[in-house]
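Good morning, and thank you for making time for this short presentation. I would ask everyone to turn to the structure now being shown.

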Amino acid sequence: MACDICGCNDKPLEDLNKSYVTKSIKQICSSCSKEVSDKMWEIREVQHRMLESLLKRFMRFKRRF
């Protein structure tokens, strides 16, 4: 079988976490898994900074009233 992302068929495949599975992407190679994991943590960091910013904005708004 081949990786559902890059098509590589010479590496062992890993099942993708159920929450990230799509209709066409279910198993990926270790290289793609690392890339996906790195991107997930990058997105989570951005999300965390956005949540902090929104909470601070909310608190400043509440303080005015």
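Before the overall picture, one term is needed: a residue is called buried when its relative accessible area is under 20%, exposed when that area is over 50%, and partly exposed in between. What you see is a predicted model. By that standard, 9% of the 65 residues of the protein chain count as buried.

Let me begin with the general layout. The protein chain contains 1 helix and 2 strands. Read from the N terminus, the order of these elements is β-β-α. The radius of gyration is 19 Å, whereas the globule rule gives 11 Å for 65 residues; the first value is well over the second, so the protein chain is more spread out than a compact globule. Along the principal axes, the C-alpha trace spans about 60 × 20 × 15 Å. The protein chain exposes about 5,900 Å², and 57% of this area is supplied by carbon and sulfur atoms. As for contacts with a separation of 6 or more, 20% of them join residues 24 or more positions apart.

I turn now to the buried part of the model. Which residues make up the largest nonpolar core? There are 5 of them: Cys3, Leu16, Ile28, Cys29 and Cys32. In soluble globular proteins, nonpolar side chains tend to be buried together.

Ile28 deserves a closer look. This residue belongs to strand E2, which covers residues 27–29. Is Ile28 buried or exposed? Its relative accessibility is 2%, and because the limit for a buried residue is under 20%, Ile28 counts as buried. Setting aside neighbours within four places in sequence, Ile28 is in contact with Cys3, Ile5, Pro12, Leu13, Glu14, Leu16, Ser33 and Val36. Two of these partners, Cys3 and Leu16, are also members of the core just described. In addition, the C-alpha atom of Ile28 is separated by 7.8 Å from that of Ala2, a residue 26 positions away along the chain.

Leu16 can be viewed in the same manner. With neighbours within four places in sequence again left out, its contacts are Val21, Ile25, Lys26, Gln27 and Ile28.

Let us move to the helix and its charged side chains. How many salt bridges does the structure hold? The number is 3.

The salt bridge between Asp38 and Lys34 has an N to O distance of 2.8 Å. Both residues lie in helix H1, which runs over residues 30–64, and they are 4 residues apart, about one turn of the helix. Asp38 is partly exposed at 40% relative accessibility, while Lys34, at 52%, is exposed.

Lys39 and Glu42 form another salt bridge, at 3.3 Å from N to O. These two residues are 3 residues apart in helix H1, again about one turn. Lys39 has a relative accessibility of 44% and counts as partly exposed; Glu42, at 46%, is partly exposed as well.

Glu45 and Arg49 also form a salt bridge, with their closest N and O atoms 3.4 Å apart. Because they are 4 residues apart in helix H1, about one helical turn separates them. Glu45 is partly exposed at 39%, and Arg49 is partly exposed at 47%.

To close, I would recall two points: the largest nonpolar core includes Ile28 of strand E2, and the structure holds 3 salt bridges. Thank you for your attention.

Conventions. Residues are numbered from 1 along each chain as its sequence is written. This is a predicted model: local features need pLDDT of at least 70, side-chain atom pairs count only at pLDDT 80 or more; totals for chains, interfaces and linings use all residues. Side-chain values use heavy atoms; hydrogens and water are left out. Buried means under 20% relative accessible area, exposed over 50%, partly exposed in between (1.4 Å probe, protein chains only). Contact means heavy atoms within 4.5 Å. A nonpolar core is a set of buried Ala, Val, Leu, Ile, Met, Phe, Trp, Tyr and Cys residues joined through side-chain atoms within 4.5 Å. A salt bridge is a side-chain nitrogen of Lys or Arg within 4 Å of a carboxyl oxygen of Asp or Glu. The radius of gyration is taken over C-alpha atoms; the globule rule is 2.2 Å times the number of residues to the power 0.38. Accessible areas come from the Shrake-Rupley method with a 1.4 Å probe; for residues, only the protein chains shown count as cover.
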